[in-house]
Amino acid sequence: MDRAPGLSVRLKLTLSYAGFLMLAGVLLLAAVWVFLLRYVPERAMLFNPDDKLNGVFPVRSVLLEVFAPRAAAVLAFLLVFGLLGGWILAGRMLAPLTRVTNATRMAANGRLAHRIRLPGRKDEFRELADAFDTMLARLEAHVAEQQRFAANASHELRTPLAISKTLLDVARTDPSRATGELIDRLHAVNTRAIDLTEALLLLSRADQRSFTREHVDLSLIAEEATETLLPLAEKHGVTIETSGDVTPTVGSQALLLQLTTNLVHNAIVHNLPEQGTVWVRTSVRPGTVALTVENTGETLTPELVSTLTEPFRRGTERIHTDHAGVGLGLAIVKTITHAHDGTLTITPRSAGGIRITVELPATTPHAEW
């Protein structure tokens with residue numbers, strides 16, 4: 001933004017310091033005049049020679065001739081002292097702000113790794129510097145995450161496009177080849193590309209919080225998600241057990257349904273080859289409502305579990321390859337949870353599998369429930 005040039009804050013503070021000092025000096029001299037010189041007589045007075053005051057008492061005009069030059073000299077000294085001292089003091093006071101300004105310019109040029117780290121005890125400037133350092137750390141992490149996400153998304157999107165190109169090249173060089181198998185493979189590859197694109201759009205929508213909030217019940221959403229995925233669970237021999245009470249909260253019905261569907265779908269896909277189980281529970285806690293999804297499966301380490309919410313990361317190879325997914329399931333869950341001011345907790349189960357808990361702010365049940 002272009003602005004007209006103006007006085008610096010340091011100069012303004014210097015002038016303010018000098019101005020207040022001059023004002024104090026003028027008030028002091030005025031007090032001397034009002035409470036001292038006003039009692040001095042205007043005409044000469046003679047005293048008794050035997051009196052201690054012996055001689056002529058000084059008159060007001062004589063004192064003014066002596067007082068005025070010295071008062072002017074004092075005011076001139078106060079002006080110089082105020083300007084010089086104010087300039088030095090203002091510089092020392094604004095030094096932390098200068099460091100914050102320099103760090104801001106560096107951040108604007110893309111150098112997010114720089115930190116102010118202002119020393120000293122806590123005050124307003126150090127609170128500003130600490131808050132700015134915290135913002136830079138979060139911004140650096142966010143930019144790094146976005147860059148990593150963009151690189152992974154480009155790689156994931158490039159794979160189905162490269163496969164489609166290869167299949168089309170094969171069909172063009174070999175016209176006599178049967179097209180049925182080619183069409184089926186192209187359809188599968190195209191479906192995966194569409195699913196990935198829709199997942200990316202959903203992730204972006206949730207991250208921007210561009211959705212309408214309404215009263216919802218997580219227990220009803222959990223029932224809807226499990227009923228939808230029940231055929232998939234039966235197909236692969238997985239049992240789904242649901243339980244819980246009314247869990248009222250505020251958010252997007254569609255996004256929370258997508259969140260629950262992703263959790264239950266992952267619990268089914270990442271499970272035992274036979275006789276696996278998925279537990280879906282909703283509960284009310286002090287100030288929050290919780291959705292917990294557990295499943296049986298392979299034993300996972302805490303280090304591996306901590307990376308599952310990163311985009312395009314998969315904990316283990318999926319047992320059922322007919323639902324390979326796009327690697328964004330838990331990343332979408334994490335984004336939707338944060339968009340609803342909630343918390344996401346993922347822990348490995350000692351018997352195998354994982355436990356995922358989503359906590360959202362609780363609200364009073366809606367009248368229509």
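What percentage of the 369 residues of the protein count as buried? Let's start there and work inwards, keeping in mind that this is a predicted model.

**Exercise 1. Get an overall picture of the protein.**

Solution.
- Step 1: Of the 369 residues, 33% count as buried.
- Step 2: Turn to the outside. The accessible surface comes to about 23000 Å², and carbon and sulfur atoms account for 59% of that area.
- Step 3: Take stock of the secondary structure, which consists of eight helices and nine strands.
- Step 4: Look at the contacts between residues at least 6 apart in sequence; 70% of these join residues at least 24 apart.

**Exercise 2. Trace the five-stranded sheet and find its edges.**

Solution.
- Step 1: Follow the strand order, S4-S6-S7-S9-S8, in an open sheet with mixed pairing.
- Step 2: Go to the two ends of that order. Strand S4 (238-244) and strand S8 (343-348) each have a single partner strand, so one side of each lacks a neighbour in the sheet.
- Step 3: Add the twist, which averages 15° from one strand to the next.
- Step 4: Zoom in on the pairing of S8 with strand S9 (residues 354-361), which is antiparallel and runs over six bridges. For a landmark, pick Leu344, whose bridge partner in S9 is Val358.

**Exercise 3. Place two helices, H6 and H8, against the strands.**

Solution.
- Step 1: Begin with helix H6 (residues 253-269). It lies across S4, strand S6 (276-285), strand S7 (288-295) and S9, and its direction makes an angle of about 25° with S7.
- Step 2: Now take helix H8 (residues 329-339), which lies across S8 and S9 and runs at about 145° to S8.
- Step 3: Check how covered H8 is. Nine of its eleven residues are buried, among them Ala331, Thr335 and Ala339.
- Step 4: Step just past the end of H8, where Asp341 takes a positive phi of about 60°.

**Exercise 4. Describe how H6 and H8 pack against each other.**

Solution.
- Step 1: Choose the descriptors. Two packed helices are described by the angle between their axes and the distance between the axes.
- Step 2: Apply them here: the axes of H6 and H8 come within 9 Å and cross at roughly 145°. The crossing of H6 with H8 is left-handed.
- Step 3: List the residues that meet. From H6 come Leu255, Leu256, Gln258, Leu259, Asn262, Leu263 and Asn266, and from H8 come Gly329, Leu330, Ile332, Val333, Ile336 and Thr337.
- Step 4: Sort them by character, which gives eight nonpolar, five polar and no charged residues.

**Exercise 5. Find two loop residues with positive phi and say whether each is buried or exposed.**

Solution.
- Step 1: Arg117 is not a glycine, yet its phi is positive, at about 50°. Arg117 sits in the loop between helix H2 (60-108) and H3.
- Step 2: The relative accessible area of Arg117 is 62%, so Arg117 is exposed, the cut-off being over 50%.
- Step 3: Gln275, also not a glycine, has a positive phi of about 55° and belongs to the loop between H6 and S6.
- Step 4: With a relative accessible area of 71%, Gln275 is exposed.

**Exercise 6. Characterise Thr134.**

Solution.
- Step 1: Locate Thr134 in helix H3 (residues 124-173).
- Step 2: Its relative accessible area is 38%, so Thr134 is partly exposed.
- Step 3: Compare positions with Arg115, which is 19 residues away along the chain; the two C-alpha atoms are separated by 8.9 Å.

Conventions: Residues are numbered from 1 along each chain as its sequence is written. This is a predicted model: local features need pLDDT of at least 70, side-chain atom pairs count only at pLDDT 80 or more; totals for chains, interfaces and linings use all residues. Side-chain values use heavy atoms; hydrogens and water are left out. Two strands pair if DSSP finds at least two bridges between them. Helices (H or I, at least four residues) and strands (E, at least two) are DSSP runs, numbered from the N terminus. Axes are lines fitted to C-alpha atoms, for helices over the stretch in contact, and angles run from 0 to 180 degrees between N-to-C directions. Contact means heavy atoms within 4.5 Å. Buried means under 20% relative accessible area, exposed over 50%, partly exposed in between (1.4 Å probe, protein chains only). A crossing is left-handed if the near helix is turned anticlockwise from the far one by less than a right angle, and right-handed if clockwise. Ala, Val, Leu, Ile, Met, Phe, Trp, Tyr, Cys and Pro count as nonpolar, Asp, Glu, Lys and Arg as charged, and the others, Gly among them, as polar. Accessible areas come from the Shrake-Rupley method with a 1.4 Å probe; for residues, only the protein chains shown count as cover.
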